[in-house]
Amino acid sequence: MSSKLILGEALPNIPWEEKPERCRGVVWRSEKNPIIPRDLLPTSNSIFNSAVVPYKGQFAGVFRCDDTRRVMQLHSGKSKDGLHWEIDPEPIHFVCTDPEIGRFVYGYDPRVCWIEDRYYVTWCNGYHGPTIGVAYTHDFETFYQMENAFLPFNRNGVLFPRRIGGKYVMLSRPSDSGHTPFGDIFCSESPDMVHWGCHRHVMSPRGSWQATKIGAGPTPIETTEGWLLIYHGVLTSCNGFVYSMGAALLDREQPWKVLYRTEPYLLSPQKLYECVGDVPNVVFPCAALADADTGRIAIYYGGADTVTCLAFTQADELIDFIKGNSVV
């Protein structure tokens, strides 16, 4: 299969490490993990489940930084190489004209997606329970908060990077007010990024490592084979939840239709920084960089709800694996 699978821009400075000879999977970890420690900021208890995008020839992102009060907050950050980060010690103060929406309670697990002329940020926003907050920025300095996308309770709001059928499209996972013991992925459409409807079911939990709940991870990557969706799945073990990483291919024009979906996981908690932390046994993908020229993909994920990590894959190998190990 050709490496010219990714329908997007070239990213020649994508963070990258070649696949180790001893690696048997199609996704491999960075030797530099964790790339962001929990205490990078003077006030941070942990930095994880964060979003990264290309920005002006370098990189920028929005980071979940739980502070030493254990308050969940969002911070902006920039990097020259995608590995070494300067994160603003001050949380993002969203510009919002409606105090009802703008009253900050908490924010966590952000995603960032470039659409047309701006970067949209979605996150789990506290408004009488968790829902999907939406904002945009042009420079990662000033952020403008919009209406929340959905009613509580909802998590894992992930935008597609272009309009589909003239509409903005978002994946999400309806949930409850706590540590939800269920969760399917749904797809919703909007004409204006404010009013959301046309909700369609995408996929449900399905056995073993993804038996309890699933949720969308990074912004989907458009390929000639469909939208490449990296997602997390959760197993309820005798020691609690275990979060692992999987992938699926969705139809490019009807993204609620699943073409292929991995039966085996791609990455599960096995390293110390994934197994030991504030929440043990968590691999939680939130962002992915892709280079259309080489097919290289770099995946940012949270380890044990404590640190930020990086993994790599090659588009052709990953898509072959998804097709050859699919439960669809």
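Helices (H or I, at least four residues) and strands (E, at least two) are DSSP runs, numbered from the N terminus. The model is predicted: local features need pLDDT of at least 70, side-chain atom pairs count only at pLDDT 80 or more, and totals for chains, interfaces and linings use all residues. Residues are numbered from 1 along each chain as its sequence is written, and side-chain values use heavy atoms, with hydrogens and water left out.

**Exercise 1. Describe the overall build of the protein.**

Step 1. Take the elements: the protein has three helices and 21 strands.

Step 2. Compare the radius of gyration (over C-alpha atoms) with the globule rule (2.2 Å times the number of residues to the power 0.38). The radius is 18 Å, close to the 20 Å that the rule gives for 328 residues, so the protein is as compact as a globular protein of that length.

Step 3. Along the principal axes, the C-alpha atoms fill a box of roughly 50 × 45 × 45 Å.

Step 4. Sort residues by relative accessible area: buried is under 20%, exposed over 50%, partly exposed in between (1.4 Å probe, protein chains only). Of the 328 residues, 58% are buried.

Step 5. Count contacts (heavy atoms within 4.5 Å). Among those with a separation of 6 or more, 54% join residues 24 or more positions apart.

**Exercise 2. Find which residues of helix α3 are buried, and where they pack.**

Step 1. Helix α3 covers residues 315-324, and its buried residues are Ala 315, Asp 316, Leu 318, Ile 319 and Ile 322.

Step 2. Look at the arc, given by the directions from the helix axis to the C-beta atoms. The buried residues cover only 165 degrees around the axis, which puts them on the same side of α3.

Step 3. Recall the helix geometry: an α-helix has 3.6 residues a turn, so residues three or four places apart point the same way.

Step 4. List the partners: the buried residues of α3 pack against strands including β16 (226-237), β17 (240-250) and β21 (307-314).

Step 5. Gly 25 lies in the segment before β1 (27-29) and is partly exposed, at 30% relative accessible area. Gly 25 is 293 residues from Leu 318 in sequence, but their C-alpha atoms are 9.4 Å apart.

**Exercise 3. Place Ser 175 and list its surroundings.**

Step 1. Ser 175 sits in the loop between β11 (168-174) and β12 (185-190).

Step 2. Ser 175 counts as buried because its relative accessibility is 10%.

Step 3. Leaving aside neighbours within four places in sequence, Ser 175 is in contact with Phe 153, Asn 154, Arg 155, Thr 180 and Phe 182.

Step 4. The side chain of Ser 175 reaches the backbone nitrogen of Asn 154 at 3.5 Å.

Note on methods
A polar contact is a pair of N or O atoms within 3.5 Å; within protein, one must be able to donate a hydrogen and the other to accept it, and residues adjacent in sequence count only if both atoms are side-chain atoms.
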